[in-house]
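Please work through the exercises below with the sequence and the coordinates open beside you. Each task is followed by a solution that goes step by step.

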Amino acid sequence: MSNVQLKAQPRKKVGTSGSRKLRETGVLPAVIYGHGEPPESVMLDEHEFVVAIGHGARTMALNINGKESQFLVKEVQYDHLGKRPIHVDFVRVDLTEKVRVKVGVELRGVPIGVSHGGILEQYLAAVEVECLAMAIPETLHPIVQHLDVGQVLAVRDLVVPEGVIILNDPNDTVAAIRTLAEPVEAPAAAEPGTEPQLPERIGRVRPEEPAEEEKKK
Amino acid sequence: MALMPKRVKWRKSQRGKLRGVAMRGNEVSYGEYGLQTLGTGWITGRQIEAGRVAATHFLHREGRVYIRIFPHKPVSAKPLETRMGKGKGDPEDWVACVREGQVLFEVGGVEENVARSALGRIASKMPMRCRMIRRRHGL
């Protein structure tokens with residue numbers, strides 16, 4: 001979904017306060033930069049953007065004052081709960097130019113090794129790829145069903161669409177099936193009435209003050 | 001045994017205030033699913049340990065549980081039936097200060113329904129409302 005068209009307007013309200021007021025009205029503040037041109041502050045409809053990004057759009061055509069251009073979504077900032085977008089960075093892009101972006105890796109399937117007592121661990125959550133701006137894959141979905149205990153899924157095993165080059169080291173581990181370590185015996189809880197264990201003090205510790213009776217003397 | 005630091009610079013600390021929301025540590029970073037807090041407050045080392053035990057028992061050593069918080073702050077208390085004064089009490093507990101949005105626990109290597117149940121058990125041990133979130137793979 002690369003031919004998403006959204007309407008945007010130039011933005012005069014900048015800064016925290018201005019942006020906050022815009023968000024209250026359902027408008028999303030954004031910035032446009034790149035290609036050696038000066039940056040522009042713009043705003044667009046939040047709902048339209050959320051729908052577009054939910055469908056996996058990485059490039060969008062923004063119509064600003066009747067002039068349409070293509071942009072790459074560089075970064076989306078979310079609120080503290082990760083629910084609502086609060087700001088978007090767009091980069092000016094030509095759809096036929098090659099770009100470098102990070103693409104997420106989402107593992108699919110339950111590996112055989114898990115039924116043999118192993119644990120599936122993912123070490124690489126995203127890979128950097130180089131491809132045409134119009135052909136950025138949304139997410140990579142490697143199938144891990146064949147992995148047994150001790151086996152790894154490396155970057156070289158990832159299948160990517162034609163024209164997409166992965167820039168990470170081919171030997172980097174994406175995921176592995178790890179064997180379980182022997183469970184460590186938890187230290188016994190302190191018996192009631194005994195002194196609770198205290199952490200060690202860093203630095204010079206002041207010697208304890210003498211008891212009050214000694215002070216009176 | 002409840003979590004606590006190995007070494008500290010100061011034995012006691014003032015209570016402090018928890019203002020604002022979590023602008024860091026509010027995304028799933030290690031596992032596939034996470035437990036995000038919807039409130040602000042202190043979580044004691046005992047509560048964190050109770051959550052970990054509840055999840056690992058439920059998972060039967062499948063998958064992996066990640067703890068994203070640590071109780072760095074000492075909380076002191078006076079012994080029972082003690083008159084006021086005579087200085088600050090001794091450290092009794094260690095707490096983690098969490099703000100709304102902080103990811104407390106993460107679970108990886110299991111399916112979504114299993115992770116949901118495990119995180120639900122942890123949430124019941126926490127002193128504030130929590131919700132489950134997924135790792136964001138795209139933008």
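The three exercises that follow concern a predicted model, and they take up the layout of one chain, a single arginine and a pocket.

**Exercise 1. Describe how chain A is divided and how its domains are placed with respect to each other.**

Solution. Begin with the secondary structure of chain A, which comprises four helices and 14 strands. Next, mark the domain bounds: domain 1 of chain A covers 4-94, and domain 2 of chain A covers 102-179. The C-alpha centres of these two domains are 31 Å apart, and where the domains meet, seven residues of domain 1 are in contact with four residues of domain 2. Finally, consider the chain as a whole: 39% of the 217 residues of chain A count as buried, and among contacts in chain A between residues at least 6 apart in sequence, 64% join residues at least 24 apart.

**Exercise 2. Decide whether Arg92(A) is buried or exposed, and find which side chain makes a polar contact with its side chain.**

Solution. First locate the residue, which belongs to strand E6 of chain A, residues 85-92. Its relative accessible area is 8%; because buried means under 20%, Arg92(A) is classed as buried. Then follow the side chain of Arg92(A), which makes a polar contact with the side chain of Glu40(A) at 3.2 Å and also reaches the backbone oxygen of Pro38(A) at 3.0 Å. To complete the surroundings, leave aside residues up to four places away in sequence; the residues that Arg92(A) touches then include Ile32(A), Tyr33(A), Gly34(A) and His35(A), as well as Gln70(A), Phe71(A) and Glu97(A).

**Exercise 3. Establish which elements supply the lining of the largest pocket, and which of them gives the most.**

Solution. Start from the volume of the largest pocket, which is about 1400 Å³. Of the 44 residues lining this pocket, the closest to its centre are Tyr78(A) from chain A and, from chain B, Arg136(B), His137(B), Gly138(B) and Leu139(B). Now assign the lining to elements: at least two residues each come from helix H2 (46-54), strand E5 (67-78) and strand E7 (98-105) of chain A, and likewise from strand E8 (130-134) of chain B. Among the contributors, E5(A) gives the most, with seven residues. In terms of domains, domain 1 and domain 2 of chain A each provide at least three residues of the lining. Sorted by class, the lining has 18 nonpolar, 12 polar and 14 charged residues.

Conventions: Residues are numbered from 1 along each chain as its sequence is written. Chains are lettered from A and ligands numbered from 1 in the order in which they are written. This is a predicted model: local features need pLDDT of at least 70, side-chain atom pairs count only at pLDDT 80 or more; totals for chains, interfaces and linings use all residues. Side-chain values use heavy atoms; hydrogens and water are left out. On a 1 Å grid over the protein atoms alone, a cavity is a set of points where a 1.4 Å probe fits but cannot get out, and a pocket is an open set with protein on both sides within 12 Å along at least five of seven lines; lining residues have an atom within 4 Å of a point. Grid points are joined across faces, edges and corners, and a volume is the space filled by probe spheres set on the points. Ala, Val, Leu, Ile, Met, Phe, Trp, Tyr, Cys and Pro count as nonpolar, Asp, Glu, Lys and Arg as charged, and the others, Gly among them, as polar. Domain bounds come from an automatic or database domain assignment. Buried means under 20% relative accessible area, exposed over 50%, partly exposed in between (1.4 Å probe, protein chains only). A polar contact is a pair of N or O atoms within 3.5 Å; within protein, one must be able to donate a hydrogen and the other to accept it, and residues adjacent in sequence count only if both atoms are side-chain atoms. Contact means heavy atoms within 4.5 Å.
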